[in-house]
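This report goes through one protein chain, from a single hairpin outward to the chain as a whole. The sequence and the model come first.

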Amino acid sequence: MKLAFFGAEGKVGSALVPRLEAAGHEVRRIELGGEPDVSGCDAAVDFTAPEAAPQNVRAALEQGVSCVVGTTGWDPTELGAFAAEKALRLFVAPNFSIGAVLMMRFAREAAAHFPRAEIVELHNEAKKDAPSGTAKATAELIGGSPQVHSVRLPGLVAHHEVIFGGEGQLLTIRHDTTGRESFADGVLLALERLGDLPPGLTAGLDTLIS
Ligand code: NAP
């Protein structure tokens, strides 16, 4: 596919772009500033910042290009409706690691058997939003408004822990992202399936993994 990539120079972007190119995609790196030109692209990918992603996505949709977005900390509902109007797709996932998606699934299963849970999310100090999109999505999945603790320190990449407490027992479900290449398989999967999705917003990698 011909891809427009917003955020190619970022921490995630610089790990992802070589993987997308190695998989056979042609990547146009969209520079910051000015009106982005994504014309002729089959899809746009955004890993930027919560204040930048909505305008990037709008610009891509206005140019008739469907989007895959990993940027967290913004609400895609309105742009999902805009995409639907234009018969385009907007796929958004707070976490593109297959392991993290499985962690969320296992947490949902465990939640049925434990009265209480808390979530700890730990990320590099540069991460702008807190709590993480993955922690928020996990909290919603397991229900009961679990407390979410956010840690921001150098040396961390992305780590999530769901701790369930019961009578005389604890269950911890933890996922560690040790390298940003872990997001590539999920992004490649979303790009492969993008054209088969219904127009409008689809949220979560879980929807693509059986
Ligand atoms: P980062 O290192 O700050 O990179 C963001 C990049 O986007 C920077 O190069 C930045 O340029 C650029 N940028 C900002 N505004 C832009 C715009 N309007 N157009 C084009 N480029 C723009 O951040 P990161 O760690 O790569 O993370 C990016 C986002 O992805 C964050 O929201 C993070 O939470 C999210 N994330 C999602 C997942 C997932 O699996 N869904 C995984 C990890 C991270 P400047 O540096 O020049 O401002």
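## Strand pairing around E8

Strand E8 (residues 158–166) and strand E9 (residues 169–177) pair in the antiparallel sense, with 9 bridges between them. Helices (H or I, at least four residues) and strands (E, at least two) are DSSP runs numbered from the N terminus, and two strands pair if DSSP finds at least two bridges between them. The model is predicted: local features need pLDDT of at least 70, side-chain atom pairs count only at pLDDT 80 or more, and totals for chains, interfaces and linings use all residues. Residues are numbered from 1 along each chain as its sequence is written, and side-chain values use heavy atoms, with hydrogens and water left out.

E8 and E9 form a hairpin with 2 residues between them. Gly 168, in the turn, has a positive phi of about 70°. Across this pair, Glu 161 stands opposite Arg 174.

E8 also pairs with strand E6 (residues 116–123); these two run antiparallel and are joined by 8 bridges. E6 in turn pairs with strand E7 (residues 147–152) in the parallel sense, over 6 bridges. Bridge partners of three E6 residues are listed below.

| Residue in E6 | Bridge partner | Partner strand |
|---|---|---|
| Val 120 | His 149 | E7 |
| Glu 121 | His 160 | E8 |
| His 123 | Ala 158 | E8 |

In a regular strand the side chains alternate between the two faces of the sheet. Of the 8 residues of E6, 6 are buried, so this strand is largely enclosed by the rest of the structure. Buried means under 20% relative accessible area, exposed over 50%, and partly exposed in between (1.4 Å probe, protein chains only).

## Helix H5 and its flanks

Which residues of helix H5 (residues 133–142) are buried? They are Gly 133, Thr 134, Ala 135, Thr 138, Ala 139 and Ile 142. Their cover includes helix H4 (98–111), E6, E7 and E8. Gly 143 follows H5 and has a positive phi, near 70°.

The loop between E6 and H5 contains Pro 131. The peptide bond joining Ala 130 and Pro 131 is cis, with omega about -5°. Most residues other than glycine have a negative phi, and most peptide bonds are trans.

In the loop between H5 and E7 lies Ser 145, which has a positive phi of about 45° although it is not a glycine. Ser 145 is exposed, with a relative accessible area of 70%. Ala 87 also has a positive phi, near 55°. Ala 87 is in the loop between helix H3 (77–85) and strand E5 (89–92), and its 45% relative accessibility counts as partly exposed.

## The chain as a whole

The chain has 6 helices and 10 strands. Its radius of gyration is 17 Å, which agrees with the value near 17 Å for a compact globule of 210 residues. That radius is taken over C-alpha atoms, and the globule rule is 2.2 Å times the number of residues to the power 0.38. Along the principal axes, the C-alpha atoms fill a box of roughly 60 × 35 × 30 Å.

Buried residues make up 50% of the 210 residues. Among contacts (heavy atoms within 4.5 Å) between residues at least 6 apart in sequence, 65% join residues at least 24 apart.
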